[in-house]
Amino acid sequence: MTDPAAQRDLALHVLQRLREAGFESLWAGGCVRDQLLGIVPKDYDVATNAHPDQVRAVFGRRRTLAIGASFGVIAVLGAKGLRPIDVATFRTDGAYRDGRHPESVVFTSAEHDARRRDFTINGLFYDPLTNRVVDYVNGQADLAAGLVRAIGDPAQRFAEDKLRLLRAIRFAATYGFALEEATAAAVTQMADAISVVSAERIAAELRRLLEHPTRGRGVELLAQTRLLAAVLPEVSAAIDDESAWAAALDRLERLPAGAGFPLALAALLLGAAAPEDVPRIGRRLKLANKEIDRAAWLVRMLPQIDDAERLPWPRLQRILSHDGAAELIALAQAHWGAGHAGIERCRTVLDQPAAQWNPPPLVSGDDLVAAGLRPGRQFAALLDHLRDLQLTGRLTTPAEALAEAAQWTAAEGPVDEPGAGA
């Protein structure tokens, strides 16, 4: 994990080096916002009147990356374990024809740079050497008032970069702010335009929104501004059922503060999408396969927890030994609340030493092969059968398991190799 103090020292060093080289330099954007809110910044950006080639000359090419040079951004590298510091030349932007990036940039002054940014709370500069805030957009007033306000004309800001529609919601939810009236109206009117943004970028914003403890408020704002219908129409349709919608928001609020994205997504989709629909939604958002699989597993397995008191032990044991079991119990508690009988049974099991309820299998596939059985289509069923008997106490030693395997094979017929037969 990055050391916040070391990250700040690196950002200060970068700013000072630029000053020593004769350039103007200020901290910019989110790090200023967070610092003024009393939040320790995770990342720092530096804005300067130095052009990209001048920035590289100051720090050397071995310590810089020109990944964003066409937009005036050079990354300055620090010690191992520290995030690079993005150094951006003050600029104004040309036309945004793709709804995401300007076609050109013109290097300019700090004031013009501030006025091309998205929201007033993100348009602030700060001089750490003099402890002075440089504010051309009244961002300090909106921070004090708890408002997310677009800089200038909201419709123009959102037309330039449609992802800002989602960012407005995330900032409002994360900081407990309100959307300024004209900004909220523009988000609502332009919500459908989010469709031009790539699925990956939409998913990244949803991930950050749902991973934050204010996820319930975030989803509520998405619904109020019509963005939910644009990015998750399956969930938006559930709003028509007031009790189901209230339950969904309550479920999100009751998740653990540190709930990960797959768990939060499962909590949101629960009741709005059938388990078999979750993978389709995940693929549409181009989520990672691991995220899709986990969210789908959680939605599919939740009814099993409701029935946990009556489930045969081998079946419940397989659920509780899954590496997503803790998330499943968290989802169940958010859904049904504390005191649910199925949850209590699961917690009683999980509170015991793992070796007691999840002992190593008595035999493996390799053991069966060594005993003379040929691997084939029925191997998995045989191993499941042996595991069930072990978990119910009917098999206690590897020798007993191998003897049972021989009897099972004789009764079921030969364990053929894959593809064998006519």
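This tour moves through a predicted model, from its sheet to the helices that pack on the sheet and then to another helix.

**The sheet.** Begin by selecting the seven strands of the open sheet, which are ordered β3-β4-β5-β2-β1-β8-β9 and show mixed pairing. Next, select β3 (64–68) and β9 (132–135), which stand at the edges. Each of these two has a single partner strand, so one side of each is left without a neighbour in the sheet. From one strand to the next, the twist averages 35°.

**A pair within the sheet.** Select strand β1 (residues 25–28) together with strand β8 (residues 124–127); they pair in the antiparallel sense over two bridges. To see one partnership, display Ala 28 and its bridge partner in β8, Phe 125.

**Helices on the sheet.** Now add helix α1 (residues 4–20), which packs on the sheet and touches β1, β2 (45–48), β4 (73–76), β5 (85–89) and β8. The direction of α1 makes about 150° with that of β1. Then turn to helix α3 (residues 52–59), which lies across β2, β3, β4 and β5. Relative to β4, helix α3 runs at about 15°.

**Helix α10.** Finally, select residues 215–224, which form helix α10. Which residues are buried here? They are Arg 215, Gly 216, Gly 218, Val 219, Leu 221 and Leu 222. Add the helices against which these buried residues pack: α7 (164–175), α9 (199–211), α11 (227–231), α13 (242–254) and α14 (261–269). End the tour at Arg 226, which follows α10 and has a positive phi, near 70°.

Definitions and conventions. Residues numbered from 1 in each chain as written. Predicted model: local features only at pLDDT ≥ 70, side-chain atom pairs only at ≥ 80, totals over all residues. Heavy atoms only, no water. Buried < 20%, exposed > 50% of the residue type's maximum accessible area, 1.4 Å probe, protein only. Helix = DSSP H or I, 4+ residues; strand = E, 2+ residues; numbered from the N terminus. Contact = heavy atoms within 4.5 Å. Pairing = 2+ DSSP bridges. Axes fitted to C-alpha atoms, helices over the stretch in contact; angles between N-to-C directions.
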